[in-house]
Amino acid sequence: MSIYRTRRSIKPLAMDPQREVSRELVMALLEDAHWAPTHGLTQPWRFQVFATPAARARLADGLLSIYDATTPAAKRDEQKRAKLAAAPRHAPVVIAVAARVEPGGKIPEWEEVAAVSCAAQNLMLSAHEHGLGSYWSTPPAACCVEFARWLGLDETHRMLGLVYLGWPADGQPTPQSVRAPLAERVTWHEA
Ligand SMILES: Cc1cc2nc3c(=O)[nH]c(=O)nc-3n(C[C@H](O)[C@H](O)[C@H](O)COP(=O)(O)O)c2cc1C
């Protein structure tokens with residue numbers, strides 16, 4: 001079966017925290033992402049890589065502080081906080097994904113976001129081809145302007161969340177994921 005069908009999301013906590021993913025491999029995956037289609041060749045993807053324990057701990061602390069600053073006290077959820085803090089500390093590589101949008105440019109914002117989504121899919125498919133697990137995560141704390149600012153990005157950037165990468169932990173089966181019958185999603189025009 002093709003990699004398009006066998007790729008499955010592997011949650012950060014199901015990745016092996018001890019097994020390193022080399023910088024060369026991360027760059028090879030990002031190179032594949034970089035060849036995604038892009039209207040006007042704007043190449044709007046911006047990747048910020050957190051691949052050391054210190055960088056990932058700083059990311060986890062940053063996300064927590066953004067969660068606390070942007071979530072009313074009554075709505076704060078300790079389970080969500082704990083997940084937000086644990087995932088970046090556990091997975092060996094976390095990539096924050098942003099789309100650069102040119103103010104007043106000829107390419108509409110949605111197309112730039114779509115192009116970056118294509119890049120993210122290339123990244124995850126390439127990871128899968130190399131035997132790595134991947135997981136695209138979009139908690140509000142990782143998709144807001146506050147996070148863009150925390151990363152040092154200006155207001156022309158839209159945050160698309162985090163892509164986690166890591167080797168699936170021993171004994172972790174590839175999760176099943178079901179799809180509705182394809183025919184329910186396709187219309188053929190015959191005349
Ligand atoms: C844009 C996007 C955002 C996602 N955000 C989340 C998320 O925040 N939390 C989550 O559990 N899964 C998230 N996912 C992963 C989906 O849950 C997953 O792709 C879906 O369950 C299908 O499983 P599969 O990837 O194994 O086929 C996201 C996927 C995409 C494409």
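## Helix α4 and K83

In this predicted model, residue K83 belongs to helix α4, which runs over residues 78-90. With a relative accessible area of 61%, K83 is exposed, because that value is over the 50% cut-off used for this class. K83 can also be placed relative to L162: the two residues stand 79 positions apart in sequence, while their C-alpha atoms are 13 Å apart in space.

## The largest nonpolar core

L162 also appears in the largest nonpolar core, a set of 26 residues in which L63, F147, M159, L162 and Y164 touch the most other members. The elements that each give two or more residues to this core are the helices α3 (53-70), α4 and α6 (145-150), together with the strands β2 (93-100) and β4 (157-166). Among these elements, α3 supplies the largest share, which amounts to five residues.

## Two cysteines without a disulfide

How many disulfides does the structure hold? The structure holds zero of them. A disulfide is a covalent bond between the sulfur atoms of two cysteines. For C143, the closest cysteine sulfur is the one in C144, and at 7.6 Å it is too far for a bond, since a disulfide is counted only when the two sulfur atoms lie within 2.5 Å. Seen from the other side, C144 is likewise in no disulfide, with the sulfur of C143 as its nearest cysteine sulfur, 7.6 Å away.

Are these two cysteines buried or exposed? C143 has a relative accessibility of 30% and counts as partly exposed, whereas C144, at 15%, counts as buried, because its value is under the 20% cut-off.

## The surroundings of the ligand

The ligand is surrounded by R7, R8, S9, K11, Y135, W136, S137, T138, S177 and R179. When the residues of this shell are sorted by class, two are nonpolar, four are polar and four are charged.

Which atoms of R7, W136 and R179 lie close to atoms of the ligand? In R7, a polar side-chain atom lies 2.9 Å from an oxygen atom of the ligand, and in R179, a polar side-chain atom lies 2.8 Å from an oxygen atom of the ligand. W136 takes part through its backbone, where a polar atom is 3.2 Å from a nitrogen atom of the ligand. On its own, the ligand has 610 Å² of accessible area, and the protein covers 57% of this area.

Definitions and conventions. Residues numbered from 1 in each chain as written. Predicted model: local features only at pLDDT ≥ 70, side-chain atom pairs only at ≥ 80, totals over all residues. Heavy atoms only, no water. Near = heavy atom within 4 Å. Polar contact = N/O pair within 3.5 Å; in protein donor to acceptor, adjacent residues only side chain to side chain. Areas by Shrake-Rupley, 256 points an atom, 1.4 Å probe, with all protein chains shown as cover. Nonpolar A, V, L, I, M, F, W, Y, C, P; charged D, E, K, R; others polar. Helix = DSSP H or I, 4+ residues; strand = E, 2+ residues; numbered from the N terminus. Buried < 20%, exposed > 50% of the residue type's maximum accessible area, 1.4 Å probe, protein only. Core = buried A, V, L, I, M, F, W, Y, C linked by side-chain atoms within 4.5 Å.
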